[in-house]
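Visitor: Please take me closely through one part of this model, the helix at the heart of its nonpolar core, and set it in its surroundings.

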Amino acid sequence: MAAPVDSLHSSALSQLHSDIDARVQSIRENRPGWLCGKGCDGCCRRLAEVPQLTVAEWSLLQEGLAALLPERLREIRRNIAALAGQRPVVCPLLDRTTGACPVYAQRPVACRTYGFYVQRDKGLYCDEIESRVVEGALANVVWGNHDAIDQRLTALGESRTLTEWFERWET
Ligand code: SF4
Ligand code: SF4
């Protein structure tokens, strides 16, 4: 069953995606060797916690999940069942063979900001990028503000872990 999401929250999420895309694009501009790209799945393999999604994010993610093959979905469910106590968390959605995200176009906000946004008490999240910063190689980057993103996510309403969303999902 699809999660109910009102159009206001859905358009607020679209606007949030556009704003993040603009920030990411401005950081990537003139930096062709930027670390993030296909084949780098370090952040998907080292999550601090099980992904947390608002209803609007889950509703979008469901569209991507619905397009996957049944066997792939079964594998994701098995990965979710194995999450208890796992730290760091390997994203249960990640294709562990190819290192690709099977729901890239529908991925949560946290995945879009990773490596491009700084959080007051957690820094940049990505060790690889952080070490470039320490070397002084990225001194002129204007990073996004993750605390502002969190505020906008909070305004989207209640959020649940991916595990909880799957438990409620009837397919
Ligand atoms: S944030 Fe870090 S680990 Fe993730 S894709 Fe970018 S460079 Fe790789
Ligand atoms: S949803 Fe996709 S991009 Fe986000 S952590 Fe999982 S595999 Fe990585």
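Guide: The account below begins with the whole chain, turns to helix α3 and its core, and ends with the ligands and two loop residues.

This is a predicted model, in which local features need pLDDT of at least 70 and side-chain atom pairs count only at pLDDT 80 or more, while totals for chains, interfaces and linings use all residues. Residues are numbered from 1 along each chain as its sequence is written, and chains are lettered from A and ligands numbered from 1 in the order in which they are written.

The protein chain contains eight helices and four strands; helices (H or I, at least four residues) and strands (E, at least two) are DSSP runs, numbered from the N terminus. Their order from the N terminus is α-α-β-α-α-α-β-α-β-α-β-α. For 171 residues, a compact globule would have a radius of gyration near 16 Å, and the 16 Å of the protein chain agrees with this; the radius is taken over C-alpha atoms, and the globule rule is 2.2 Å times the number of residues to the power 0.38. Along the principal axes, the C-alpha atoms fill a box of roughly 50 × 35 × 25 Å.

Helix α3 covers residues 55-66, and its twelve residues should span 16 Å at 1.5 Å a residue, in agreement with the 16 Å between its end C-alpha atoms. The expected span is 1.5 Å times one less than the number of residues. Buried in α3 are V55, A56, E57, W58, L60 and L61. A residue is buried if 20 or more other C-beta atoms lie within 10 Å of its own, exposed if 12 or fewer, and partly exposed in between, with C-beta atoms placed from the backbone. W58 counts as buried because 24 other C-beta atoms lie within 10 Å. The buried residues of α3 pack against α1 (7-28), β1 (52-54), α5 (109-113) and α8 (162-168).

The largest nonpolar core has 25 residues, and those with the most contacts inside it are L13, L53, A56, W58, L61 and V109. Elements giving two or more residues to this core are α1, α3, α5, α7 (146-155) and α8, and α3 gives the most, with five residues. Such a core is a set of buried Ala, Val, Leu, Ile, Met, Phe, Trp, Tyr and Cys residues joined through C-beta atoms within 7 Å. Beyond its neighbours within four places in sequence, L53 is in contact (C-beta atoms, placed from the backbone, within 7 Å) with W58, L61, P108, S159, R160, L162 and W165.

Elsewhere, ligand 1 is surrounded by L35, C36, C40, G42, C43, Y114, G115, C126, E128 and I129, each having its C-beta atom, placed from the backbone, within 6 Å of the molecule. Both α2 (42-45) and α6 (127-135) supply at least two residues of this shell. Around ligand 2 are C44, C91, L93, L94, C101, V103, R107 and C111.

Two loop residues complete the account. The peptide bond from R87 to P88 is cis, with omega near -5°, and P88 is placed in the loop between α4 (70-81) and α5. N30, in the loop between α1 and α2, has phi near 65°, a positive value in a residue other than glycine. N30 counts as exposed because it has 7 C-beta neighbours inside 10 Å.

Technical notes: Two residues are in contact if their C-beta atoms, placed from the backbone, lie within 7 Å.
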